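Let's take a walk through one helix and its surroundings, then look at a pair of helices that meet. Have a look at the structure first.

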Amino acid sequence: MKNGPGRLPDSELDIMLVLWSHQPPMSRLEIERVVNEKKALAPTTILSLLGRLEKKGFVAVTKERNMNLYTPLVSQEEYQSNESRNILEKLYGNSLKRFVTALYHGKKMDQKEIQELNEFLKNMEEEQGE
């Protein structure tokens, strides 16, 4: 994945969130059980979503006895990083200031959040200087 993983529709992202938050590999039944705690999806829908994720290179499928087991090939951190860069670039013109302003527009940041943001920016500044 040269430019990182592509953006996933919400339904496929729901499946990936299950895989990322549980010990892989997982069977379709295990995935279905977790997904259905939040919303009911038919087994055929889950199979279809898993098939799409496999084609996109997000999951690997291995056969064990008479069932398929699914393992994520893209980490949650890699996906989040790619999505964050895309949003920053497309919606905020690569301006971190405009992004943070939009996040907190009309909301008051508490002192802890301001301190954390300051520390993050200082670390970035130090890394840029190296």
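## Around helix H3

The buried residues of H3 are covered by a set of elements that includes helix H1 (10-21), helix H2 (28-35), strand E2 (59-64) and strand E3 (67-72). This is a predicted model, where local features need pLDDT of at least 70 and side-chain atom pairs count only at pLDDT 80 or more, while totals for chains, interfaces and linings use all residues. Residues are numbered from 1 along each chain as its sequence is written, and side-chain values use heavy atoms, with hydrogens and water left out.

So which residues of H3 are buried (under 20% relative accessible area, 1.4 Å probe, protein chains only)? They are Ile46, Leu49, Leu50 and Leu53. They sit on the same side of H3, because they cover an arc of only 100 degrees around the axis. The face turned away from that buried side carries Thr44 and Lys55, which are exposed (over 50%). After H3 comes glycine 57, with a positive phi near 85 degrees.

## Where H4 meets H5

Next up are two helices whose axes (lines fitted to C-alpha atoms over the stretch in contact) come within 9 Å and cross at roughly 90 degrees. That makes H4 roughly perpendicular (65 to 115 degrees) to H5. Here is who touches whom, with contact meaning heavy atoms within 4.5 Å:

| Helix | Residues in the contact |
|---|---|
| H4 (residues 76-92) | Ile87, Leu88, Leu91, Tyr92 |
| H5 (residues 96-104) | Leu96, Arg98, Phe99, Ala102 |

Sorted by type, the residues of this contact are seven nonpolar, no polar and one charged.

Note on methods. Axes are lines fitted to C-alpha atoms, for helices over the stretch in contact, and angles run from 0 to 180 degrees between N-to-C directions. Helices (H or I, at least four residues) and strands (E, at least two) are DSSP runs, numbered from the N terminus. Angles under 35 degrees count as roughly parallel, over 145 as roughly antiparallel, 65 to 115 as roughly perpendicular and the rest as oblique. Ala, Val, Leu, Ile, Met, Phe, Trp, Tyr, Cys and Pro count as nonpolar, Asp, Glu, Lys and Arg as charged, and the others, Gly among them, as polar. The arc is that of the directions from the helix axis to the C-beta atoms.
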